[in-house]
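Student: I should like to examine this structure step by step. May we begin with the surroundings of a ligand?

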Amino acid sequence: MAVRITDTCISCDACLDECPTESIVDNDDNPTGEDIYYVNPETCTECVGDNDEPACAEACPTEGCIVWDNPTTSGAVHNEAVVEE
Ligand code: SF4
Ligand code: SF4
C-alpha cells in the first residue's frame with residue numbers, strides 16, 4: 001500500500017510536510033535518481049487512519065501527479081491514472 005509520485009512532479013515541496021509518516025523525500029534524496037519527489041513504499045500508509053484521502057495528493061498542485069490504487073482510498077480525483085476502464 002503506497003502512493004507513487006509520477007514524473008509530472010514539479011518539486012514544489014507542498015507535499016513534504018503533509019505526510020503523517022514522513023514517507024516523502026525530495027528530489028535530492030530520491031533513491032531512483034529521478035529529479036522528482038519520492039514516496040517510500042515501505043512506510044506510506046496511503047494515510048489510512050490519518051486522513052480520508054492521501055494528504056500528499058490533497059496538497060499537490062499538479063493534477064494526477066500522485067497516484068495510488070488502494071481500494072479503500074481509490075476513487076479520489078487524483079488517482080485516475082491508475083484506474084482501468
Ligand atoms: S499517502 Fe499519506 S502516508 Fe503516503 S506519502 Fe502521502 S501523505 Fe504520506
Ligand atoms: S506536491 Fe506534488 S508537485 Fe509538489 S513536490 Fe509533492 S508530488 Fe511534487
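**Ligands, fold and two loop residues**

Tutor: The shell around ligand 1 consists of 10 nonpolar, 3 polar and 2 charged residues. Please note that the model is a predicted one.

Student: Which residues come nearest to ligand 1?

Tutor: The surroundings of ligand 1 comprise 15 residues. Those that come nearest are Cys-19, Cys-44, Cys-47, Pro-54 and Cys-56.

Student: How many residues of the shell around ligand 2 are charged?

Tutor: Around ligand 2 there are 14 residues, of which Cys-9, Cys-12, Ala-14, Cys-15 and Cys-60 come nearest. By class, the shell holds 11 nonpolar and 2 polar residues, and the number of charged residues is 1.

Student: What pattern does the chain follow along the sequence?

Tutor: The chain contains 1 helix and 4 strands. Read in sequence order, these elements give the pattern β-β-β-α-β.

Student: Is Cys-47 buried or exposed?

Tutor: Cys-47 lies in the loop between β3 (38–39) and α1 (55–59), and its phi is positive, near 65°, although the residue is not glycine. A residue counts as buried when 20 or more other C-beta atoms lie within 10 Å of its own. Cys-47 has 23 C-beta neighbours inside 10 Å, and therefore it is buried.

Student: Is Asp-13 buried or exposed?

Tutor: Asp-13 belongs to the loop between β1 (4–5) and β2 (24–25). Its phi is also positive, at about 85°, and Asp-13 is not a glycine. The limit for an exposed residue is 12 or fewer other C-beta atoms within 10 Å. Because Asp-13 has 12 such atoms within 10 Å, it is exposed.

Conventions:
Residues numbered from 1 in each chain as written. Chains lettered and ligands numbered in written order. Predicted model: local features only at pLDDT ≥ 70, side-chain atom pairs only at ≥ 80, totals over all residues. Near = placed C-beta within 6 Å. Nonpolar A, V, L, I, M, F, W, Y, C, P; charged D, E, K, R; others polar. Helix = DSSP H or I, 4+ residues; strand = E, 2+ residues; numbered from the N terminus.
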